[in-house]
Amino acid sequence: MDQEVIRLNNVSLWRRTQEEFSYDLKRTVISFLQGKYIKPAKKQVLKDVNFVVKSGEKIGIIGSNGAGKSTLLKVICGILDPTFGTVRVRGNIAPLIELGAGFNMEMSVKDNIILYGVLLGYSKEEMKTRTNEILEFAELEEYGEVPVKALSSGMKARLGFSVATDVKPDILILDEVLSVGDAKFTHKSRERIQSLWEQSSTILFVSHSLEYVKDLCDRCIWLNHGEIAYHGNTQEAIKLYLDSVGVKEYIRPPSAL
Amino acid sequence: MILTRKKTLMMWEKLPFSNDIERYWQLLSVLVPQNLNTRYRGSFLGVYWSLLNPIIMTTLYTVIFGTTFASYFGDSIINYMFAAFTGLLVINFYNSATTQALSSIVINGDLLNKIKLPLPVFPLSMIAANIFQFIVGSLPLLIIVTLIKTHNILFVFSLLLPFSALVLVCTGIGLFLSALFVFFRDLGYFYEIATFIVWITSPVFYPSEIVPARVQPFLYLNPLVPIIESLRQISLDGTFPEFSHLMKGFLSGIVILTLGCLFFRKVQSSFMDLL
Ligand SMILES: Nc1ncnc2c1ncn2[C@@H]1O[C@H](COP(=O)(O)OP(=O)(O)O)[C@@H](O)[C@H]1O
Ligand SMILES: [Mg+2]
């Protein structure tokens with residue numbers, strides 16, 4: 001049970017700042033000939049991040065916008081490779097970074113369930129047997145043959161959530177995704193996360209709803225400008241974070257999740 | 001002990017043939033139908049639209065150049081027509097496969113920022129969709145031409161040899177282009193010029209004999225030339241393709257594919273910052 005599932009050793013990430021890059025062959029060649037070619041600038045997004053997650057833990061990650069929370073999760077998923085340091089992950093990850101990325105708008109909901117499932121790493125045969133279950137959980141049974149472009153954005157998010165969490169992943173990554181869907185679905189998705197947790201899935205959870213983080217997480221990481229500013233007790237992390245941004249008490253935002 | 005999975009994964013990545021093949025296969029099995037679906041709006045007959053272009057072009061070439069060039073094709077306009085048609089099939093396959101591969105990584109940039117996927121699978125899926133389209137659309141016609149001209153089923157199978165060489169060439173170029181397009185989004189414009197050069201230097205609508213002897217060796221720098229020649233030898237002359245042509249086709253295919261793969265691997269780590 002106490003197995004180490006994620007380990008980050010001295011992870012640093014530099015990213016190119018996009019606005020400096022021309023994307024233009026003609027201009028690049030010309031500026032090269034004129035000797036004006038500038039090497040694209042890079043910016044450090046993650047600074048020397050170290051932590052270990054054990055199987056079954058629920059870790060909250062908080063911090064202001066641009067602190068590097070999403071970037072950190074992408075490094076853990078393997079979407080981005082760290083510039084320095086090492087990332088080790090054991091088990092299959094379900095990344096819920098932005099639900100519904102990967103849907104083909106023209107294709108039917110059923111075909112998209114298979115497409116999205118395969119993109120997430122499950123086999124086509126496996127997904128075929130699961131389609132009905134997923135439609136049921138997403139409450140989209142009547143929409144099986146409808147093209148995805150005809151769904152509302154909340155429905156798309158529900159579909160994405162249902163596919164990604166239908167199979168019990170070893171590690172579930174949630175990046176500000178639980179604010180989608182109506183009240184009923186929000187309740188349902190909370191329940192499902194609860195049940196995944198009880199089955200000892202490891203969860204990494206980014207949210208601006210600190211209440212929820214407080215309820216759900218055993219430990220919390222406060223990221224500030226790409227660095228871990230605090231790592232440990234959830235209450236303490238939230239308090240330090242709020243202090244740093246000069247907010248006395250956390251006020252529940254209108255959308256509870 | 002703990003991190004076994006990751007370790008085996010890294011070991012596999014170093015081997016050219018591995019369990020990753022399963023993952024690629026799964027991904028291709030959903031991405032290829034998706035490509036075809038978007039292109040033809042779910043209509044299977046749509047694949048046959050892709051034949052409209054070579055058929056119209058063949059008709060035009062035959063009407064305009066047929067009588068002039070017939071003497072190079074055994075004084076037969078029909079032979080000229082078949083020759084133009086096989087050449088066009090090759091050129092069309094090359095153009096559509098490489099042009100679609102070109103943008104494949106960039107148009108999936110959004111997806112790549114959210115799910116970890118092997119990057120080469122996107123250009124490969126474009127090539128695979130074109131192979132499927134070729135097998136369903138063009139190949140039956142090519143087989144019919146071959147059977148009409150040769151009456152021998154054996155030659156039908158040997159069509160696969162130059163076609164495989166063509167696939168190698170297109171895959172290599174497709175990988176190269178898709179990687180370069182991440183950096184240079186105006187590449188399409190330059191690539192249009194390149195495809196024109198490939199088209200005009202391929203003896204599609206003219207016999208290669210009319211090219212001055214001094215220039216002819218340069219035509220063979222075009223990797224499609226030996227492929228077209230081999231295909232014509234099989235389907236029109238009913239001979240087994242000249243070994244040297246076939247060798248040239250495969251050799252350029254392997255060289256281009258290797259270079260394409262090496263380039264792709266070298267630059268792929270910078271992709272994510274630009275997508
Ligand atoms: N594609 C990108 N290219 C370059 N820099 C990026 C890119 N995406 C995000 N960043 C930078 O990385 C930093 C962290 O961003 P992010 O991880 O999205 O923050 P958070 O999720 O904590 O709000 C920001 O400063 C942002 O400007
Ligand atoms: Mg974010």
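**Exercise 1. Polar contacts of ligand 1**

Task: In this predicted model, find which polar backbone atom lies 2.7 Å from an oxygen atom of ligand 1, then add the contacts made by Gly68(A) and Ser70(A).

Solution:
1. The backbone partner at 2.7 Å from a ligand 1 oxygen belongs to Gly66(A).
2. Gly68(A) also uses its backbone: an N or O atom there is 3.0 Å from an oxygen of ligand 1.
3. Ser70(A) takes part through its side chain, with a polar atom 2.7 Å from a ligand oxygen.
4. Each of these pairs is tested against the 3.5 Å cut-off for a polar contact. The distances are 2.7 Å for Gly66(A), 3.0 Å for Gly68(A) and 2.7 Å for Ser70(A).

**Exercise 2. The shell around ligand 1**

Task: State how much of ligand 1 the protein covers, and describe the shell by element and by residue class.

Solution:
1. On its own, ligand 1 has 560 Å² of accessible area, and the protein covers 71% of that.
2. Three elements of chain A each give two or more residues to the shell: β1 (4–16), β2 (42–54) and α2 (69–77).
3. The largest contribution comes from α2(A), with three residues.
4. Around the ligand there are 13 residues, of which Lys43(A), Gly66(A), Lys69(A), Ser70(A) and Thr71(A) come nearest.
5. By class, the shell holds seven polar, four charged and two nonpolar residues.

**Exercise 3. Two domains in chain A**

Task: Give the bounds of the domains of chain A and characterise the interface between them.

Solution:
1. The domain assignment places 4–92 + 205–245 in domain 1 and 98–203 in domain 2. Domain 1 is thus written as two segments.
2. The C-alpha centres of domain 1 and domain 2 of chain A are 25 Å apart.
3. Contacts link 25 residues of domain 1 with 17 residues of domain 2 in chain A.
4. Interface size is often expressed as the accessible area lost when the parts come together.
5. For these two domains of chain A the buried area is about 1700 Å², with 55% of it on carbon and sulfur atoms.

**Exercise 4. Chain A against chain B**

Task: How many residues of chain A and of chain B are in contact, and which three residues supply the most area on the chain A side?

Solution:
1. The contact involves 40 residues of chain A and 35 of chain B.
2. Together the chains bury about 3400 Å², 61% of it on carbon and sulfur atoms.
3. Of the area that chain A buries against chain B, 19% comes from Tyr23(A), Leu25(A) and Leu119(A), more than from any other three residues.

Conventions. Residues numbered from 1 in each chain as written. Chains lettered and ligands numbered in written order. Predicted model: local features only at pLDDT ≥ 70, side-chain atom pairs only at ≥ 80, totals over all residues. Heavy atoms only, no water. Near = heavy atom within 4 Å. Polar contact = N/O pair within 3.5 Å; in protein donor to acceptor, adjacent residues only side chain to side chain. Areas by Shrake-Rupley, 256 points an atom, 1.4 Å probe, with all protein chains shown as cover. Helix = DSSP H or I, 4+ residues; strand = E, 2+ residues; numbered from the N terminus. Nonpolar A, V, L, I, M, F, W, Y, C, P; charged D, E, K, R; others polar. Domains from an automatic or database assignment. Contact = heavy atoms within 4.5 Å. Buried area = accessible area lost by both parts, 1.4 Å probe.
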